Amino acid sequence: MEFTKKKYTFRGMDGYAGFRNGKEYELELAPTAPTDEQPNAEIVVINPVSRLYSYYSKEQFLAAWEKK
């Protein structure tokens, strides 16, 4: 899986997964296919705060992040 780095501003709840609302982050993201464990996953993001993977549907990702 190849990740690309892009800048996004977090629009979700302050403190969610270590993120701050309105703060810009450089995210590493890649497309992914749904699995049994992540049935709605379409995008995988490496959390720049914890370095853990987060899985989002496109709708979830667009609701939480704004591209810069």
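This section describes the strand pairing, the surroundings of Tyr-25 and the salt bridges of a predicted model. The mean pLDDT over the chain is 91, and 100% of the residues score at least 70. Among the elements of the chain, strand S1 (residues 4-10) has the highest mean pLDDT, at 96, and S4 the lowest, at 92. Where pLDDT is low, predicted coordinates should not be read in detail.

Strand S3 (residues 43-46) pairs with two other strands, S2 and S4. Strand S2 (residues 24-31) and S3 are antiparallel and share 4 bridges. Within this pairing, Val-44 of S3 is the bridge partner of Ala-30. Strand S4 (residues 53-56) also runs antiparallel to S3, again over 4 bridges. Here Val-45 has Ser-54, in S4, as its bridge partner. In a regular strand the side chains alternate between the two faces of the sheet. In S3, Ile-43 and Val-45 point one way, whereas Val-44 and Ile-46 point the other way. The four residues are all buried.

S3 and S4 form a hairpin, with 6 residues between the two strands. Arg-51 lies in the loop between S3 and S4. The phi angle of Arg-51 is near 70°, a positive value in a residue other than glycine. Arg-51 counts as partly exposed because its relative accessible area is 48%, which falls between the 20% limit for buried and the 50% limit for exposed residues.

Tyr-25 is located in strand S2. Its relative accessibility is 9%, and Tyr-25 is therefore classed as buried. Leaving aside residues up to four places away in sequence, the contacts of Tyr-25 include Lys-6, Lys-7, Tyr-8 and Phe-10. Gly-18, Phe-19 and Arg-20 are also touched by Tyr-25, as are Pro-48, Val-49 and Trp-65. Lys-5 is 20 residues away from Tyr-25 along the chain, and the C-alpha atoms of the two residues are separated by 9.9 Å. The side chain of Tyr-25 also reaches the backbone nitrogen of Arg-20, at 2.9 Å.

Side chains of opposite charge can pair when their charged atoms come close. The model holds 2 salt bridges. One of them involves Arg-20, whose side chain meets that of Asp-14 at an N to O distance of 3.4 Å. Arg-20 is partly exposed, since its relative accessibility is 46%. Asp-14 falls in the partly exposed class as well, because its relative accessible area is 45%. Arg-20 thus takes part in a salt bridge through its side chain, while its backbone nitrogen is reached by the side chain of Tyr-25.

The other salt bridge is formed by the side chains of Glu-28 and Arg-51, at 3.0 Å from N to O. This pair links distant parts of the chain: Glu-28 is in strand S2 and Arg-51 is in the loop between S3 and S4, 23 residues apart. Glu-28 counts as buried because its relative accessibility is 17%, a value under the 20% cut-off. Its partner Arg-51 is partly exposed, at 48%. Arg-51 therefore combines a partly exposed position with a positive phi in the turn of the hairpin and a salt bridge to Glu-28.

Conventions. Residues numbered from 1 in each chain as written. Predicted model: local features only at pLDDT ≥ 70, side-chain atom pairs only at ≥ 80, totals over all residues. Heavy atoms only, no water. Buried < 20%, exposed > 50% of the residue type's maximum accessible area, 1.4 Å probe, protein only. Pairing = 2+ DSSP bridges. pLDDT = per-residue confidence, 0-100. Contact = heavy atoms within 4.5 Å. Polar contact = N/O pair within 3.5 Å; in protein donor to acceptor, adjacent residues only side chain to side chain. Salt bridge = Lys/Arg side-chain N within 4 Å of Asp/Glu carboxyl O.
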